[in-house]
Amino acid sequence: MGANPALAKSIAKHGRSASYHRRGLWAIKKKNGGKFPVHAKKAVAEAAPTKAQKFYPADDVAKPFNKNSNTCKPTKLRESVTPGAVLILLAGRFRGKRVVLLKQLESGLLLVTGPFKTNGVPLRRVNQSYVIGTSTKIDVSKIKLDKFDDKYFVGDKGGKKVRGEEGFFEAAEPKKELSAEKIADQKAIDASLAPLIKAVPDLKNYLAARFSLKCGMKPHEMKF
């Protein structure tokens, strides 16, 4: 409660006279000859008048926009999504497949692989929103992954498709084939993961099996 509490709306406990004496204003007046002290205001220097421009540019002068100070923060991974963990893909071409998480890229996406020799899932990027983390995990800290970044997965964009009659009768474009470098990279990753998977009993069969739900199974009550 304050020094002058309110008894009701717009009604204070102490009146004007009581508040005057309680605050000690009378002593300040007595000390200054019956008047409240007046403090002189600081003089503000007047700004020099600016003359208007006689000529203006014929074209609009471009002004730079304020740069956004917000910095991109790395995506925070869930506790179950850590390098070496076995994940279940929930969307995309390989939905239902189990993959091994290798690392998190700068964009926040996850770098995963089946490996390809085990279940046919190549090196690819996925969003952690579309995976389920499991308790199964292997140690992938010794695998060299420095060359794999977001630029590694950016392919060459083809030309625009011609619409209309000309585009309808055009021959189908040949299917793009992977470069020899990417095929060699996939084989190297598969060779590095093979002994790690073999060291865990039944892990190879677990990765090769597709995840599915049957009638009566409740995912929110399951422990992966």
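## A first look at the β4–β5 hairpin and its sheet

In the hairpin of β4 and β5, five residues sit between the two strands, and one residue to look for is Gly-108, which takes a positive phi near 100 degrees. Keep in mind as you explore that this is a predicted model. From this hairpin, we can work outward to the sheet around it.

**The hairpin strands**
- Strands β4 and β5 run antiparallel and are joined by four bridges.
- If you want a pair to find on screen, try Leu-101, whose bridge partner in β5 is Val-112.
- Strand β4 is mostly covered, with five of its seven residues buried.

**On the other side of the pairing list: β3 and β4**
- Strand β3 (residues 85-89) also runs antiparallel to β4 (residues 98-104), and three bridges join them.
- Here Leu-87 stands opposite Val-99 in β4.

**The whole sheet**
- The hairpin belongs to an open sheet of five strands, paired antiparallel in the order β6-β5-β4-β3-β7.
- Strands β6 (124-126) and β7 (131-137) stand at the edges with a single partner strand each, so one side of each has no neighbour in the sheet.
- On average, neighbouring strands of this sheet are turned by 45 degrees against each other, ignoring direction.

**A helix across the strands**
- Helix α5 (residues 180-199) lies across β4 and β5 (110-113).
- The helix α5 runs at about 75 degrees to β5.

How values were computed. Residues numbered from 1 in each chain as written. Predicted model: local features only at pLDDT ≥ 70, side-chain atom pairs only at ≥ 80, totals over all residues. Heavy atoms only, no water. Pairing = 2+ DSSP bridges. Axes fitted to C-alpha atoms, helices over the stretch in contact; angles between N-to-C directions. Contact = heavy atoms within 4.5 Å. Buried < 20%, exposed > 50% of the residue type's maximum accessible area, 1.4 Å probe, protein only.
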